[in-house]
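Work through the exercises below with the sequence and the coordinates at hand. Each task is followed by a solution in steps.

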Amino acid sequence: MTEIRTPRLLLRRWTDDDLVPLSEINADPDVMRWTGDGSALDLEETADAIERWEEEWDDEGFGLFAVELLASGELIGAVGLSAADDLPETRHQVQISWRLGRPFWGQGYASEAAQAALEFALQDRGLDRVVAVNRVGNEESANVIRKLGMASDGETSDPETGARVTLHSIDLTEYEA
Ligand SMILES: CC(C)(COP(=O)(O)OP(=O)(O)OC[C@H]1O[C@@H](n2cnc3c(N)ncnc32)[C@H](O)[C@@H]1OP(=O)(O)O)[C@@H](O)C(=O)NCCC(=O)NCCS
């Protein structure tokens, strides 16, 4: 069972108890604004997402972590890794991403979880490169990418949504520098 503890957070695999709190996070249009077509997700779509992430954990040995607060056990969101197959530029690579419930923004939790997930990818899981894809305009997410020390690899369009996105990456050598 893959679990990571940071000073304030527990990153772990998903359980049935996460469905309702995650669907509350996914039902918030402000949270989902920059994801997919920008629509909020209902309970069934959230259940499908958890199932896909768990399958990825089983098949690939990485995935999106459920992130909970150590102090309260509360689920605050999803941070971690997934196949970056949506864009031709990142196909066959692994991306890092994050989504927290609005009450948990602005407290450094996303960066704390992302740093742990990046270390897991490059050092524990032995991946040689991790990428990030960010919608142009999503400044909060750009801030997390910057703090991870990821390099900029330019800009492209998401073929599915037409949205402009920026590309970023970090490899093990850059990470250890
Ligand atoms: C993107 C997202 C995860 C960023 O969350 P966030 O809380 O803003 O990110 P951080 O964890 O980096 O915290 C930001 C701020 O918390 C503040 N903060 C408060 N207490 C802190 C602490 N103890 N340690 C560190 N930062 C702290 C800092 O001011 C920090 O900002 P700074 O980097 O300018 O100093 C969040 O906005 C979100 O879930 N958005 C919706 C989903 C989304 O768009 N995801 C990306 C596309 S997939």
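The exercises that follow concern a predicted model.

**Exercise 1. Salt bridges between distant parts of the chain**

Task: Find which residue forms a salt bridge with glutamate 112, and state which parts of the chain the pair ties together.

Solution.
- Step 1. The partner of glutamate 112 is arginine 8, with 2.7 Å between the closest N and O atoms.
- Step 2. Glutamate 112 belongs to helix α4 (residues 109–124), while arginine 8 sits in the loop between β1 (4–5) and β2 (9–12), so the salt bridge ties together parts 104 residues apart in sequence.
- Step 3. Buried means under 20% relative accessible area. Glutamate 112 has 16% and is therefore buried.
- Step 4. Arginine 8, at 33% relative accessibility, counts as partly exposed.

Task: Do the same for the salt bridge between arginine 102 and aspartate 30.

Solution.
- Step 1. The N to O distance between these two side chains is 3.2 Å.
- Step 2. Arginine 102 is in the loop between β5 (94–100) and α4, and aspartate 30 is in helix α2 (residues 29–32), so parts 72 residues apart in sequence are tied together.
- Step 3. Arginine 102 is partly exposed at 42% relative accessibility. Aspartate 30 is also partly exposed, with a relative accessible area of 40%.

**Exercise 2. The surroundings of glutamate 54**

Task: Locate glutamate 54, decide whether it is buried or exposed, and describe its salt bridge.

Solution.
- Step 1. The residue lies in helix α3.
- Step 2. Its relative accessibility is 18%, so glutamate 54 counts as buried.
- Step 3. Apart from residues up to four places away in sequence, glutamate 54 touches Arg13 and Trp14.
- Step 4. With arginine 13 the contact includes a salt bridge, at 2.7 Å from N to O. Arginine 13 is in the loop between β2 and α1 (19–26), so this bridge ties helix α3 to a part 41 residues away in sequence.
- Step 5. Both glutamate 54 and arginine 13 are buried.

**Exercise 3. Charges across the whole structure**

Task: How many salt bridges does a search of the whole structure find, and which residues are linked in a network?

Solution.
- Step 1. The search finds nine salt bridges.
- Step 2. Arg12, Asp18 and Glu68 are linked in a network of such bridges.

Task: Identify the patch of negative charge on the surface and place aspartate 48.

Solution.
- Step 1. The patch gathers Asp42, Glu44, Glu45, Asp48, Glu51, Glu55, Asp59 and Glu60.
- Step 2. Aspartate 48 lies in helix α3 (residues 43–60).
- Step 3. Aspartate 48 counts as partly exposed because its relative accessibility is 38%.

**Exercise 4. Serine 82 and histidine 92**

Task: Describe where serine 82 is and which residues it is in contact with.

Solution.
- Step 1. Strand β4 (residues 75–83) contains serine 82.
- Step 2. At 11% relative accessibility, serine 82 is buried.
- Step 3. Beyond neighbours within four places in sequence, the contacts of serine 82 are Glu56, Phe62, Leu64, Gln93, Val94 and Gln95.
- Step 4. Glycine 108 is 26 residues from serine 82 in sequence, and their C-alpha atoms are 22 Å apart.

Task: What is the sign of phi in histidine 92, and where does the residue sit?

Solution.
- Step 1. Phi of histidine 92 is positive, near 70°, in a residue other than glycine.
- Step 2. Histidine 92 is in the loop between β4 and β5.
- Step 3. With a relative accessible area of 75%, histidine 92 is exposed.

Note on methods
Residues are numbered from 1 along each chain as its sequence is written. This is a predicted model: local features need pLDDT of at least 70, side-chain atom pairs count only at pLDDT 80 or more; totals for chains, interfaces and linings use all residues. Side-chain values use heavy atoms; hydrogens and water are left out. Helices (H or I, at least four residues) and strands (E, at least two) are DSSP runs, numbered from the N terminus. Buried means under 20% relative accessible area, exposed over 50%, partly exposed in between (1.4 Å probe, protein chains only). Contact means heavy atoms within 4.5 Å. Patches are made of residues with over 30% relative accessible area and no salt bridge: like charges are joined within 9 Å, nonpolar side chains (Val, Leu, Ile, Met, Phe, Trp, Tyr) within 5 Å. Accessible areas come from the Shrake-Rupley method with a 1.4 Å probe; for residues, only the protein chains shown count as cover. A salt bridge is a side-chain nitrogen of Lys or Arg within 4 Å of a carboxyl oxygen of Asp or Glu. Lys and Arg count as positive and Asp and Glu as negative; His and the chain ends are not counted. The place of a charge is taken as NZ of Lys, CZ of Arg, CG of Asp or CD of Glu.
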